[in-house]
Each structure stands twice: as structure tokens, then as C-alpha cells.
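Hi,

Here is the structure I promised to pass on. Have a look at it first, and my notes follow below.

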Amino acid sequence: MGRPRAFDETEVIRAAVSLFACRAYDGISVDDLVTHLGVHRNSLYKVFGSKRGLYLAALRWHLEHQVRPLLAKVTAAPDPIRALRNMFVAGTANPDMDLLLLAMVERAPVDPEVAEEVARTMRGFDAAIDLALGDGAAAADDAPSPLAYALSAAILGLRLRTRTGVDAAGAGTVLFDRIHQPQP
Amino acid sequence: MAKVYIDNDTLVIEIEGLDKLWALKSRLEIPLPNVRGATADAGVTREPKGIRAPGAHLPGVITAGTFHIDGERIFWDVRDPAKAVVIELRDERYARLIVQVADPRATVDLVEHAITRSAT
């Protein structure tokens with residue numbers, strides 16, 4: 001019998017999300033994890049199996065608790081297009097999806113399980129945008145409309161540019177308003 | 001130093017050279033479903049090792065053999081900490097194996113890909 005777990009697994013996972021969202025996967029050593037997460041090395045291995053095991057747990061938590069709720073809010077809003085604009089592209093929007101972004105760039109191309117998680121989330125993303133754009137037929141189908149696909153790519157790209165400190169104020173809303181002009 | 005490879009659905013760890021003597025073991029075979037993951041971990045040798053039984057422990061030189069800590073049994077074979085890989089197991093005699101390999105990154109990729117494949 002080992003020692004009982006002396007830590008809150010969710011707290012550790014949340015801390016891992018912040019760490020993995022701002023540093024390259026390969027740049028994070030187990031020493032870094034032990035220091036930043038405040039967990040004993042042996043417990044880390046016992047609970048998560050490996051650094052990759054912890055990363056997958058962190059990514060899944062991030063997608064489930066930080067990204068999907070944003071999409072759920074869009075689809076549940078009385079005015080989905082406005083919700084989408086406010087939450088993802090307005091100057092004040094600060095959507096929490098940095099780990100998703102980093103995962104797409106860094107881990108998804110080399111890790112099939114990460115690729116699967118990312119693909120599932122992006123399907124949800126596209127579907128929410130299709131719904132917001134009012135194209136219900138496309139949302140019901142598996143394949144997103146080309147416009148939804150392009151718009152989700154633009155949203156992610158804008159987030160990337162914001163992360164680099166480039167002031168892209170207004171860029172998102174301009175694009176968005178161009179695409180979604182009120183029908184005469 | 002250890003050689004780590006996959007033979008069908010089994011992870012094989014072969015202890016090479018004189019380390020066989022210190023570790024008192026030359027080969028470990030673990031069914032892939034019992035392998036939870038692998039991590040390159042250069043800092044692991046600074047952790048307390050626990051009680052050695054049996055094996056050799058010359059701090060700073062070699063850690064080899066079976067160690068007991070926190071109720072877990074851990075197999076060590078490490079001289080160069082920079083090349084240590086931690087392999088976490090389930091339902092095995094050892095809770096984890098900490099071995100030195102020639103290329104930690106390649107070993108981690110090998111093990112992680114093998115267990116991802118075997119799980120699907």
C-alpha cells in the first residue's frame with residue numbers, strides 16, 4: 001500500500017494547464033512539474049503515469065472546462081452571432097484557449113491522441129460557428145461549412161497574434177462584420 | 001545502461017554489461033497493457049531512493065537494483081542521470097523502472113507509441 005494522495009488532483013491539473021499553455025512541451029522537465037505543481041515526483045508518476053499522461057489529462061480538462069463552455073455559451077445564447085463576436089473576436093474578448101493553440105501547433109502532429117482531442121474540439125467549434133451563422137443544415141451534418149471552417153481558423157489565428165503582443169484591436173470585428181452583414 | 005525495445009506485445013528491458021551484476025538482473029519483460037507510460041527525467045536521481053534490497057548504491061556513481069520507498073518497489077539502473085527514463089507500470093512486481101538508455105527521447109517515443117497503439 002502506498003501513501004494516500006496528499007494533493008487535489010484537479011488543482012494539479014489546473015496548474016499543469018497553465019504551465020503547458022505557456023511553455024513548449026519538450027521545454028518542461030519533470031523538475032519543472034514537481035516545482036510548479038507542488039507534487040512529489042513519485043506521486044506524479046503514480047497518478048498520471050508519465051509526463052505525457054499528465055499532459056493529456058491537462059489538455060482534456062482544458063478542452064472540457066475552458067473551451068467547450070465557451071462554445072456552449074455561443075450555441076445557447078439568444079443571439080449566437082453576437083455571443084460569438086463578443087466572446088472570441090471583440091477587442092475585450094480574452095478566450096482561454098492557449099493550451100488548445102499550443103497543442104495544435106506542437107503535439108497534435110506527433111501524438112495521435114492529442115490530434116483526436118483537438119479534432120473533436122474543432123468539430124465543436126465549427127458546429128457552433130455554423131449555428132451562429134444561421135446555417136443549421138451544415139451544423140447538423142458532420143462536415144462544417146467552408147465559411148465556419150475559415151472563421152474558426154481566423155479566430156485561432158487572431159488569438160495567436162494577440163499572444164505575440166501585436167495590437168490587433170478591431171481586426172476580428174472588422175472581419176466578422178464583413179462576413180455577417182445583415183441581409184437587406 | 002539498458003536496452004529497451006518492443007517484442008510483439010511485450011516491453012523488454014535488457015540490462016547491459018557489468019550493470020547486470022550490480023542490478024542483479026539482466027532482463028525484464030512487461031506486457032504492454034501493464035505499461036502506463038515513459039518519461040525522460042534527468043532530475044529523478046536526486047530523489048530519495050529508499051531502502052535498497054538487493055542491489056548496489058554508490059551515490060553519484062551508480063544506482064542499481066531493487067529499492068523500496070513509500071510501499072513501492074522500484075527497479076533502478078542509472079549511472080548518468082541525464083539519460084534516465086522512468087517507466088511507470090501497473091499490476092507488476094515493480095511500480096516503476098528507472099533505467100539509463102542511450103537515447104531517452106527515442107525510448108520515450110517508442111514506449112508511448114507502443115502503449116497508445118496497444119490501447120486502441
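Keep in mind that this is a predicted model. I'll start with a strand pair in chain B: β5(B) and β6(B), the latter covering residues 62-69, run antiparallel to each other and share six bridges. If you want a spot to click on, try B:Ile51, which sits opposite B:His68 of β6(B).

That pair belongs to something bigger. In chain B, six strands make up an open sheet, and the order across it is β4-β8-β9-β7-β6-β5, with mixed pairing. At the edges you'll find β4 and β5 (51-58) of chain B, each with a pairing partner on one side only. Going from one strand to the next, the twist averages 15°.

There is a helix to look at too. α2(B) packs on the sheet, where it touches β4 and β8 of chain B. The direction of α2(B) makes about 160° with that of β4(B).

Now for the place where the two chains meet. How many residues does each chain put into the contact? Chain A gives 16 residues and chain B gives 17 residues. On chain B's side, the elements that supply two or more residues are β4 (35-40), β8 (84-89) and α2 (104-119). β4(B) has the largest share there, with four residues. So much for position; as for residue class, the side of chain B that touches chain A has eight charged, five polar and four nonpolar residues.

One thing to notice as you turn the model: β4(B), an edge strand of the sheet, is also the element with the largest share of chain B's side of the contact.

Cheers

Key. Residues numbered from 1 in each chain as written. Chains lettered and ligands numbered in written order. Predicted model: local features only at pLDDT ≥ 70, side-chain atom pairs only at ≥ 80, totals over all residues. Contact = placed C-beta atoms within 7 Å. Nonpolar A, V, L, I, M, F, W, Y, C, P; charged D, E, K, R; others polar. Pairing = 2+ DSSP bridges. Axes fitted to C-alpha atoms, helices over the stretch in contact; angles between N-to-C directions.
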